[in-house]
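Here are a few notes on the charged side chains, for when you have the model open. Have a look first, then go through the points in order.

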Amino acid sequence: MEVVSDRTKPTVKDYMTRDVATVSPDETVGQVATRIAESEQHSGFPVCDRRRVEGFISARDLLLAEDDDPIFKVMATELLVAHPDMKVNDAARVILRSGIQKLPVVDDAGNLVGIISNADVIRSQIERATPEKVGKLMRTLEQIHEIELTEERRTVPLSDLTPTQGRVYADELEGRRYELERGLAEPLVVIDNGGTLLLADGHHRVLAADRLQIDEMDAYVIVIDHEIELGMARTADKEGLERIDDIDVVDYARHPLVQTTKRLQSNDGREGEAE
């Protein structure tokens, strides 16, 4: 069992799931196979004797085993585990490079204290990337308009949002829907311009949420106390964007990057014929 530890934040303990489903080494293959079959979340379990991690059992480990075999005979005993003080970035590297989906988290005594998954890692990256995006937008607005702005974290009703982008792409919309269903979507970025809520970032997420009948979403809100003239507000007004229903959904085949790629492929073909 290999443990990697680091005391620098953000850490695994900030993002791990603490309530972990486990199995006993003495449970049978048949019992664990039934648990996996009946679960929508688990394709495997840490194997623990009391709280101490002894191994890990996955659906693949059960394939060629007899139903009456005890789990300790077929479980994987050489496994990677994380320490709760390990950096999230390091956990991400282990998860991505090893191809595993979940990393048990153990304390100094080898006791199970949580589990961190690839979804947890993605969430940690999202939560760190969005504030950087917000900070950059705030600094830009402050420099252009020579004002000081504040930032808030709010839950915003989708019906109150004024879009600033007139179209979204169907393929990306499906991707955002997938993320929302799994709790992986990053917060919106909204500008409160004297009471008018301008959607600065997250148009695909908003439409996907609307299709899932979600009425409100988490958002980073840049607050402008008194309404000022913003370029994105002029764009919204020019394109007749008042509510999220005004956003057009464009089929993937009409995406400009796809058209460019097709033109390049077409040109390559003609050059080949000329040769």
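1. What does Arg154 count as at 25% relative accessibility? It counts as partly exposed. Keep in mind that this is a predicted model, so none of these values comes from an experiment-style readout of mine; they are computed from the model.2. Arg154 has a partner: its side chain meets that of Asp192 in a salt bridge, 2.9 Å from N to O. Asp192, at 11% relative accessibility, counts as buried, since the cut-off for buried is under 20%. Arg154, at 25%, is on the partly exposed side of that line.

3. Where do the two ends of this bridge sit? Arg154 is in strand 7 (residues 150-157) and Asp192 is in strand 10 (residues 188-193), so the pair ties together parts that are 38 residues apart in sequence.

4. Now for a bridge inside one helix. Arg176 and Glu179 pair up through their side chains, again with an N to O distance of 2.9 Å. Both residues belong to helix 6 (residues 170-181), where they are three residues apart, or about one turn of the helix. Arg176 is buried, with a relative accessible area of 18%, while Glu179 counts as partly exposed at 22%. The two values fall on either side of the 20% cut-off, so I wouldn't read much into the labels here.

5. Glu242 and Arg243 form a salt bridge too, with 3.9 Å between the closest N and O atoms. The cut-off is 4 Å, so this pair makes the list with little to spare. Glu242 counts as exposed at 54% relative accessibility, and Arg243 as partly exposed at 43%.

6. Which residues are linked in a network of salt bridges? Lys133, Glu186, Asp201 and Arg205 are. For the overall tally, the structure holds 14 salt bridges.

7. Last, the charges outside any bridge. Asp210, Asp215, Glu216 and Asp245 form a negative surface patch. Glu216, one of the four, is found in strand 12 (residues 216-224). Its relative accessible area is 47%, which makes Glu216 partly exposed. A patch residue needs over 30% relative accessible area and no salt bridge, so Glu216 qualifies on area with its 47%.

Terms used. Residues numbered from 1 in each chain as written. Predicted model: local features only at pLDDT ≥ 70, side-chain atom pairs only at ≥ 80, totals over all residues. Heavy atoms only, no water. Patch = residues over 30% accessible without salt bridge, like charges linked within 9 Å, V, L, I, M, F, W, Y side chains within 5 Å. Areas by Shrake-Rupley, 256 points an atom, 1.4 Å probe, with all protein chains shown as cover. Lys, Arg positive; Asp, Glu negative; His and termini not counted. Charge placed at Lys NZ, Arg CZ, Asp CG, Glu CD. Buried < 20%, exposed > 50% of the residue type's maximum accessible area, 1.4 Å probe, protein only.
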